[in-house]
Amino acid sequence: MDATRFSVCRAQIAVIGAGHAGIEAALAAARMGCETLLFTMNLDAVGNMPCNPAIGGTGKGHLVYEIDALGGEMGRAADKVCLQSRMLNSSRGAAVRSLRQQSDRAAYRNYMKSVLETQTGLTLVQAEIVAVERKEELYTVVTRFGAEYEVDAVIVAAGTYLKADIVVGDVSYEAGPDHMLPANELSASLAALGVSLRRFKTGTPPRIHADSIDYQKCELQTGDEDPFCFSSDTEKEEFRLRPGYRCYVTYTNEQTHRIIRDNISRSPLYSGKIHSIGPRYCPSIEDKIMRFPDKDRHQLFLEPMGANTKEVYVQGLSSSLPEDVQLKVLHSIAGLENARVMRTAYAIEYDCIDPLQLRHTLEFRSLPGLYGAGQFNGTSGYEEAACQGLVAGINAAAKILGKEELILSRDSSYIGILIDDLVTKGTNEPYRMMTSRCEYRLSLRQDNADRRMMPYAKRYGLLSGKRIERKEELFRLLDAEVARVEKTYLSPSPELNALLVSHGCAPVKSGVSVAELIRRPELGYEDLKTADPTRPKLDREIRARVEIEVKYAGYIKRSLSQAQAQKKLDDKRLPEDLDYESIRGLRLEARAKLSAQKPRSIGEASRISGVSPADITVLCVYLNLL
């Protein structure tokens with residue numbers, strides 16, 4: 001051993017990075033009974049939110065509900081530090097409703113750090129990991145100071161720190177998020193193990209002083225009066241009493257756009273200084289202006305960074321333009337004419353992997369015991385990172401403890417869709433979850449995440465007995481009420497018909513079930529309260545779920561039928577040692593993709609980019625699966 005290196009301890013799992021992915025990975029592994037080490041570059045940056053301090057959003061809210069139902073921590077933390085809660089798409093169908101909460105950035109970090117410090121079996125260590133070495137069945141992680149930790153499994157959740165560069169105009173320098181130290185040496189060590197790396201980019205908007213904003217020129221955006229929370233562990237009545245912080249909306253204008261167009265040659269995105277690929281669905285303001293020249297304005301959200309700070313986040317104004325141009329852009333916007341910048345916007349480039357190297361467990365195909373999670377895997381967003389960390393932590397612990405591995409199918413969860421997309425299709429840009437990626441939106445809703453995910457959480461011991469009892473009682477009440485409204489008939493009384501007419505419905509001439517009335521577009525469960533004398537007193541959550549289950553019963557049944565058809569393909573297993581090169585009739589591209597990715601099933605093979613339906617037919621004929 002090198003004289004400058006020294007052995008510290010033997011543990012079971014090492015997690016590199018204490019961002020949203022690393023936190024969930026380490027907590028899951030420790031809660032399952034594995035001795036776990038969690039390494040972070042800076043203890044004060046645990047659970048940091050370098051971008052918008054908010055949890056949830058369209059599609060992302062679904063992930064947070066699933067994380068909570070699976071025993072993760074993100075939903076509990078978000079509820080504890082919530083500044084404002086809003087259900088997005090509340091006027092649209094149940095499938096696309098997504099909860100979003102504005103969070104207190106500093107309070108979130110403090111909460112997560114405390115949870116990690118008090119978790120049995122988990123040791124939180126401030127250290128930069130510069131190398132991961134494999135020795136037969138074990139791994140050694142090495143710190144910059146030369147300390148060695150020997151473990152059975154390693155989870156890399158390095159976020160955007162790997163060889164990170166901050167870029168503003170012509171200025172660039174080595175730095176991680178919020179100008180922290182980058183991790184410059186780990187990339188080379190991973191490459192030496194055979195890990196394929198590439199460069200992605202992300203960015204942040206400026207933060208401005210709250211007292212320098214003219215709010216009278218902005219639109220007020222309040223939270224929901226009766227807000228929803230993410231976690232079933234949160235005390236609902238206490239949460240509803242939390243103060244609602246104000247957010248505001250303003251817009252770019254023609255002057256803003258002209259300033260950007262006049263200075264576009266100074267943008268590193270267009271000058272050639274930045275070569276890496278950024279997120280398609282969260283572009284910089286200069287990218288928006290150039291890509292959508294016919295749009296006369298873009299919406300900007302002014303959101304508080306916390307209860308004890310004057311910092312305000314300008315969501316929608318992400319940029320890497322030079323600082324002088326950023327100031328001109330900012331001061332051209334209504335309400336921000338005199339805005340004082342506290343943090344300049346910047347772009348950040350970083351190393352990440354091609355996720356096609358991973359199995360559905362998030363373990364590297366060619367490196368058993370090594371797992372990837374979060375932005376390291378090519379994703380974008382706190383929620384996408386957290387759910388991957390949770391899955392990686394569960395699977396690393398399950399492997400060590402001899403338990404069944406966790407592989408979530410596309411019909412089980414948004415988490416399953418995210419992971420399947422990554423490991424079968426890959427991604428050429430930072431991947432973001434959206435409801436449009438889900439084929440089974442009506443059966444994979446926020447409200448039923450607990451029912452879908454609880455069996456997995458119980459399998460790995462990630463939920464307390466008390467919480468399981470509460471949920472099982474909720475399911476019992478829900479099922480009983482759905483059954484009751486289906487078999488409860490109301491007579492065509494004058495009172496009932498008056499109620500129906502008042503809601504724009506045709507009156508009834510014969511007995512009708514409560515369920516049939518709920519299925520009418522104009523009516524909901526709450527509307528029939530006075531006409532339904534046997535209706536029990538139920539919690540708001542159960543009442544809302546009863547309406548969804550009843551109103552969309554036919555669509556949900558169809559969605560489940562489609563999922564079952566896909567499951568039949570996923571149940572048709574492919575041999576691990578199948579020689580695709582020897583199968584006549586497969587196209588060259590299909591042979592190469594199938595040989596590289598080694599799909600587990602016909603269903604998984606069918607989702608690989610470059611594998612056509614004709615190729616799938618050839619496979620089925622070859623294996624006598626038709």
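The buried residues of helix α2 are K60, G61, H62, L63, V64, Y65, E66, I67, D68 and A69. Put another way, 10 of its 10 residues are buried. Here buried means under 20% relative accessible area, exposed means over 50%, and partly exposed lies in between, using a 1.4 Å probe on protein chains only. Helices (H or I, at least four residues) and strands (E, at least two) are DSSP runs, numbered from the N terminus. Once you walk off the end of α2, you get to G71, whose phi is positive, near 100 degrees.

A quick word on what you're looking at. This is a predicted model, where local features need pLDDT of at least 70 and side-chain atom pairs count only at pLDDT 80 or more, while totals for chains, interfaces and linings use all residues. Residues are numbered from 1 along each chain as its sequence is written, and side-chain values use heavy atoms, with hydrogens and water left out.

Now let's look at a sheet. Five strands make an open sheet in the order β7-β3-β2-β11-β22, and the pairing is parallel. Two strands pair if DSSP finds at least two bridges between them. β7 (122–126) and β22 (370–372) stand at the edges with a single partner strand each, so one side of each has no neighbour in the sheet. On average, neighbouring strands here are turned by 20 degrees against each other, direction ignored. For such angles, axes are lines fitted to C-alpha atoms (for helices, over the stretch in contact), and the angles run from 0 to 180 degrees between N-to-C directions.

Strand β11 is a good place to pause. Residues 153–156 make up β11, and three bridges join this strand to β22, the two running parallel. In that pairing, V154 stands opposite L370 in β22. β2 (residues 13–16) also runs parallel to β11, joined to it by four bridges, and I16 of β2 stands opposite V156 in β11. Which residues cover the two faces of β11? A153 and I155 are on one side, V154 and V156 are on the other, and all are buried.

Just before β7 in this sheet comes a loop from α4 (105–117), and G121 is found in it. G121 counts as partly exposed, at 21% relative accessibility. Follow the chain from G121 to G402 and you cover 281 residues in sequence, with the two 18 Å apart in space, C-alpha to C-alpha.

There's another open sheet to find, this one of four strands in the order β13-β12-β21-β14, with antiparallel pairing. Its edges are β13 (171–174) and β14 (197–204), each with a single partner strand, so one side of each is left without a neighbour in the sheet. The average turn between neighbouring strands of this sheet is 25 degrees, direction ignored. β12 (residues 165–168) pairs with β13 in the antiparallel sense over four bridges, and V167 stands opposite S172 in β13.

Next, a helix. α12 (residues 414–425) has 12 residues and reaches 16 Å from its first C-alpha to its last, close to the 16 Å expected at 1.5 Å a residue. That expected span is 1.5 Å times one less than the number of residues. α12 is mostly covered, with 11 of its 12 residues buried. Among them are Y414, D420, D421 and T424.

Time for a pocket. The second largest pocket has a volume of about 1200 Å³. Of the 41 residues lining this pocket, F228, R540, E541, A544 and R545 are the closest to its centre. At least two lining residues each come from α2 (60–69), α6 (236–240), α14 (465–487) and α17 (540–551). The largest share, nine residues, comes from α17. By class, the lining has 14 nonpolar, five polar and 22 charged residues. Ala, Val, Leu, Ile, Met, Phe, Trp, Tyr, Cys and Pro count as nonpolar, Asp, Glu, Lys and Arg as charged, and the others, Gly among them, as polar. A pocket is an open set of points on a 1 Å grid over the protein atoms alone, where a 1.4 Å probe fits, with protein on both sides within 12 Å along at least five of seven lines; lining residues have an atom within 4 Å of a point. Grid points are joined across faces, edges and corners, and a volume is the space filled by probe spheres set on the points.

Last stop: R573, found in the loop between α18 (553–570) and α19 (588–597). R573 is partly exposed, with a relative accessible area of 49%. R573 and S601 are 28 residues apart in sequence and 4.2 Å apart in space, C-alpha to C-alpha.
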